[in-house]
Amino acid sequence: MTASETPTALLVLKDGTVLKGRGIGAIGEAVGEVCFNTAMTGYQEILTDPSYVGQIITFTFPHIGNVGTNDEDIETSNLAASSGVRGAVIRADITTPSNYRAAQHLDAWLKARGIVGLSGVDTRALTRRIREKGFIDGIIAHDPAGNFDIPALQAKANEWPGLVGMDLAKEVTCGQRYDWDQDLWKWDEGFSNRPDAPHHVVAIDFGAKRNILRCLVNAGCRVTVVPASTKAEDVLAMNPDGVFLSNGPGDPAATGEYAVPEIKKLVESGKPLFGICLGHQMLGLALGAKTVKMHQGHHGANHPVKDFTTDKVEITSMNHGFAVDAATLPDGVEETHKSLFDGTNCGLRLSGKPVFSVQYHPEASPGPMDSHYLFERFVKLIEEAK
């Protein structure tokens, strides 16, 4: 924004930095952890990913909103829950949508979902700050009149405790079990349903994305989705062919206080088990490893990962601020995938049992589809167990 303009939105960081710009989306304020996402596409899927609960996203791609929004690209599976993201920071003003699928302007969409936004700031400088110094908490505020009490906003940012120790899965998980049979979107056809899939999978919802459930269906699974707090006994009582541990937000150690004991029982049951993201981290805890908070996290759709089981490199979609500490993996637990950016753990499997997980998002929404094979790997374990 120009020096003569009155700012209508601010981002106030804990270190005292104040970024001024133009307000977009909802009027109000929201506090959270500021991160950056490097994806060049899929901003709507990112903004509805439940894994972003408690975070303010800085988009490094400058043109956010140019293809508008629609009802098909929403990834929130529990529509009764709030949007995952707390706020959005973008470089350029939102333009008029130019896409045949566009149904609504991004600004109106943000307002409808209660997401506070800020445009017209130097997102490169903010990204560089996070890369050099790590995650930082802050508060984003939007007031069309430009009336801001910066000291009060600074105090609210300072008072926010941060994501470490937060169980946020409870904010986005489903309220009760339900069945899912919607298949992947197809060009010029949209979505279809597959109620007669041969395998039955119970998906424990820690903040599941819709396209993950669709990928399970596409691989041949009928899916029953259950809340994050569901007991292992109740999962096994449904006699599933396999169990899936979904992605989700927050500290895996916090959610793991009630989820890890149940995951241990599921592992002991011998049922094929597949986890991603938060599910991967809590499976690591259940198998005896530890998790750590990352310096800047991984958020984007261009992260290279080495699969040691195939010796192939895949480009993946990621969204996480915690990671399994590979150095703490016990005997019998094999590291199967590793980030080629920073060497952090991105996958594991349990020797002698049909149990594996990955840190990244193989459903590719948004992102490349290099990792769709993992759903087929899961189904192959199910077929072998049968």
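In this predicted model, strand E13 (residues 291-307) pairs with E14 in the antiparallel sense, over eleven bridges. Within this pairing, His-298 has His-320 of E14 as its bridge partner. Four residues lie between the strands of the E13 and E14 hairpin, where Asp-311 takes a positive phi near 65 degrees. Strand E13 is also joined to strand E15 (residues 333-339), the two running antiparallel with three bridges between them, and here the bridge partner of Val-305 is Ser-339 in E15.

These pairings belong to an open sheet of ten strands with mixed pairing, in the order E8-E10-E9-E11-E12-E17-E16-E15-E13-E14. Strand E8 (178-180) and strand E14 (312-324) each have a single partner strand and stand at the edges, so one side of each is left without a neighbour in the sheet. From one strand to the next, the twist averages 25 degrees. Elsewhere in the sheet, E11 and strand E12 (residues 273-276) run parallel and are joined by three bridges, with Phe-274 in E12 serving as the bridge partner of Phe-244.

The largest nonpolar core comprises 30 residues, of which Ile-204, Phe-206, Leu-245, Ile-263, Val-267 and Leu-283 touch the most other members. Two or more residues are contributed to this core by each of strand E9 (199-205), helix H7 (232-237), strand E11 (242-245), helix H8 (252-269), helix H9 (278-286) and strand E16 (345-350). When residues up to four places away in sequence are not counted, Ile-263 touches Leu-245, Met-282, Leu-283 and Ala-286. Apart from this core lies another, of 29 residues, which includes Ile-212, Val-217, Val-305 and Phe-356; Val-305 is thus named both in this second core and in the bridge to Ser-339 of E15.

Leu-266 lies in helix H8 and has a relative accessible area of 1%, so this residue counts as buried. With neighbours within four places in sequence left aside, the contacts of Leu-266 are Ile-204, Ala-232, Val-235, Leu-236, Val-243, Lys-271 and Leu-273. Between Leu-266 and Val-358, which are 92 residues apart in sequence, the C-alpha to C-alpha distance is 17 Å.

Turning to charged side chains, a search of the whole structure finds 18 salt bridges. One of them joins the side chains of Arg-129 and Asp-15, at 3.2 Å from N to O, and links distant parts of the chain, with Arg-129 in helix H3 (residues 123-133) and Asp-15, 114 residues apart from it, in the loop between strand E1 (9-13) and strand E2 (18-25). Arg-129 counts as buried, at 16% relative accessibility, whereas Asp-15 is partly exposed at 39%.

A salt bridge is also formed by Lys-111 and Asp-107, whose closest N and O atoms are 2.7 Å apart; both residues lie in helix H2 (residues 106-113), four residues apart, or about one turn of the helix. The relative accessible area of Lys-111 is 41%, so this residue is partly exposed.

The side chains of Glu-334 and Arg-349 likewise meet in a salt bridge, at 2.7 Å from N to O, and this pair links strand E15, which holds Glu-334, with strand E16, which holds Arg-349, across 15 residues of sequence. Glu-334 counts as partly exposed at 31% relative accessibility, as does Arg-349 at 36%. Finally, Lys-231, Glu-233, Glu-262 and Lys-265 are joined into one network by salt bridges that share partners.

Note on methods
Residues numbered from 1 in each chain as written. Predicted model: local features only at pLDDT ≥ 70, side-chain atom pairs only at ≥ 80, totals over all residues. Heavy atoms only, no water. Core = buried A, V, L, I, M, F, W, Y, C linked by side-chain atoms within 4.5 Å. Buried < 20%, exposed > 50% of the residue type's maximum accessible area, 1.4 Å probe, protein only. Contact = heavy atoms within 4.5 Å. Pairing = 2+ DSSP bridges. Axes fitted to C-alpha atoms, helices over the stretch in contact; angles between N-to-C directions. Salt bridge = Lys/Arg side-chain N within 4 Å of Asp/Glu carboxyl O.
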